Amino acid sequence: MIRAFYSENDSLAIADNAGAAARAWKERRPLWIHAESDDLPFLSDVCCFHPLAIEECERETPVPKVEDFGTYLFAELHLPFCLGDRLEIYEMDIFLGKDYLVTYTRREIPGLSPLLLNRENIAKRLPSPPRLLRAILNQTVFQNLWDLLEDLDDRMDAIEEQLSGWNLNQPVLRRITATNALLGRIRKTLISHQRLLEELVDGARDLFSAEEMPYLLDLFDRHYRIFSETDYLQQRAETLYQLFVDSKDYQSNEIMKALTVVATVTLPALLIASIYGMNFRYMPELDQWWGYPAALFTMLFIAILIFIYMKRKRWL
């Protein structure tokens, strides 16, 4: 369903049908038009946007981009949203003109519906398309990403507590790798948008006044801060993974060291037992009453000497 928000008699008017939206468009009022998958003919027949831009709206593109059509800018945005541990990419196409903003989506974008119902918020920003675009991206993408990054930061705090308690089980490792993979996908999406925002700001300088440009520059600044936070969290996730691996190796080394100590301490006893277990005919100690106690004492004495030696060498 198409929706048009425009100024009329110093108040906000809303059109929820193509006819009223077309009249508002022809009168060149400051307006925001939000179109969905069934409203694509409106963009081509009424708004008369370039056929190449309409073709781009019909299909999903692998990377976001900006195109300058002279009187307006066309941009394809890839908006990342997290659903559990899965990152979902929603595409939004925008047409940014001097006195209008047109957004087009093929499916509902999380966080956009409350904005469409907030008449006061729209009325305050409607005269300035850059300001309106900033509000849309803030309330959908940027706020969602900030909340997600805070959640991932808390998740890594919990993982650190588990590692400090030597909880080195497989679920902890899976949480680390899942967090690192999710941050990697977010970072990849943000990198592709960095160039898009630069091109959007450069192209908008010919359309908007110096008073309106700071709203677009603020988008670039917010993107940079989110990218920096994502980069920091990804480095932290990689550090946690390395800490898990090192802790696991240390734990394995401690087990091997304990087994080695046991083997070393019991080796003399095994040697003595194997000698007297050969059952040669002439072994005088076998016929003596003190033979058995002497063998046990020798085994215990040598084991104690080895244990004391290892203690002094700080191997235990």
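**Exercise 1.** Is Glu 88 buried or exposed, and at what relative accessibility?

*Solution.* Start with the ground rules. This is a predicted model, where local features need pLDDT of at least 70, side-chain atom pairs count only at pLDDT 80 or more, and totals for chains, interfaces and linings use all residues. Residues are numbered from 1 along each chain as its sequence is written, and side-chain values use heavy atoms, with hydrogens and water left out.

Next, the cut-offs. Buried means under 20% relative accessible area, exposed over 50%, and partly exposed in between (1.4 Å probe, protein chains only). Glu 88 has 17% relative accessibility, so Glu 88 counts as buried.

**Exercise 2.** Place Glu 88 and find its partners.

*Solution.* Step one: the element. Glu 88 belongs to strand 6. Helices (H or I, at least four residues) and strands (E, at least two) are DSSP runs, numbered from the N terminus.

Step two: contacts, meaning heavy atoms within 4.5 Å. Setting aside neighbours within four places in sequence, Glu 88 touches Leu 79, Pro 80, Phe 81, Leu 83 and Arg 107.

Step three: polar contacts. These are pairs of N or O atoms within 3.5 Å; within protein, one must be able to donate a hydrogen and the other to accept it, and residues adjacent in sequence count only if both atoms are side-chain atoms. The side chains of Glu 88 and Arg 107 make such a contact at 3.2 Å.

**Exercise 3.** Check the length of helix 9, then find its buried face.

*Solution.* Begin with the span. The expected value is 1.5 Å times one less than the number of residues. Helix 9 covers residues 291–312, which is 22 residues, so it should span 32 Å; its end C-alpha atoms are 32 Å apart, which agrees.

Now list the buried residues of helix 9: Gly 291, Ala 295, Met 299, Ala 303, Ile 306 and Met 310. Seen down the helix 9 axis, these fall within an arc of 105°, so they line one face. The arc is that of the directions from the helix axis to the C-beta atoms.

What do they pack against? The buried residues of helix 9 meet helix 8 (213–276). The face turned away from the buried side carries the exposed residues Phe 297, Leu 300 and Arg 312. After helix 9 comes Arg 314, with a positive phi near 60°.

**Exercise 4.** Repeat the face analysis for helix 3.

*Solution.* Helix 3 runs over residues 51–58, and its buried residues are Ala 53, Ile 54, Glu 56 and Cys 57. Down the axis of helix 3, they fall within an arc of 155°, so they line one face. On the other side of helix 3, Pro 51 and Glu 58 are exposed. The buried residues of helix 3 pack against helix 2 (40–45), strand 4 (65–68), strand 5, strand 6 and strand 7 (100–105).

**Exercise 5.** How many disulfides does the rule give?

*Solution.* A disulfide is a pair of cysteine sulfur atoms within 2.5 Å. Test Cys 48. Its closest cysteine sulfur, in Cys 47, is 7.6 Å away, too far for a bond. Test Cys 57. Its closest cysteine sulfur, also in Cys 47, is 11 Å away, again too far for a bond. The count is 0 disulfides.

Now set out the two residues. Cys 48 is exposed, at 55% relative accessible area. Cys 57 is buried, at 0%. Cys 48 sits in the loop between helix 2 and helix 3. The phi of Cys 48 is positive, about 55°, although Cys 48 is not a glycine.

**Exercise 6.** Describe the largest nonpolar core.

*Solution.* Define the set first. A nonpolar core is a set of buried Ala, Val, Leu, Ile, Met, Phe, Trp, Tyr and Cys residues joined through side-chain atoms within 4.5 Å. The largest core has 58 residues, and Trp 32 and Leu 133 touch the most other members.

Then ask who contributes. Elements giving two or more residues include strand 5 (72–83), helix 6 (129–164) and helix 7 (170–204). Helix 6 gives the largest share, 13 residues. A second, separate core has 27 residues, among them Ala 13, Leu 40, Tyr 100 and Tyr 104.

**Exercise 7.** Which residues does Arg 134 contact beyond its sequence neighbours?

*Solution.* Arg 134 lies in helix 6. Arg 134 counts as buried, at 18% relative accessibility. Leaving out neighbours within four places in sequence, Arg 134 contacts Tyr 215, Asp 218, Leu 219 and Arg 222.
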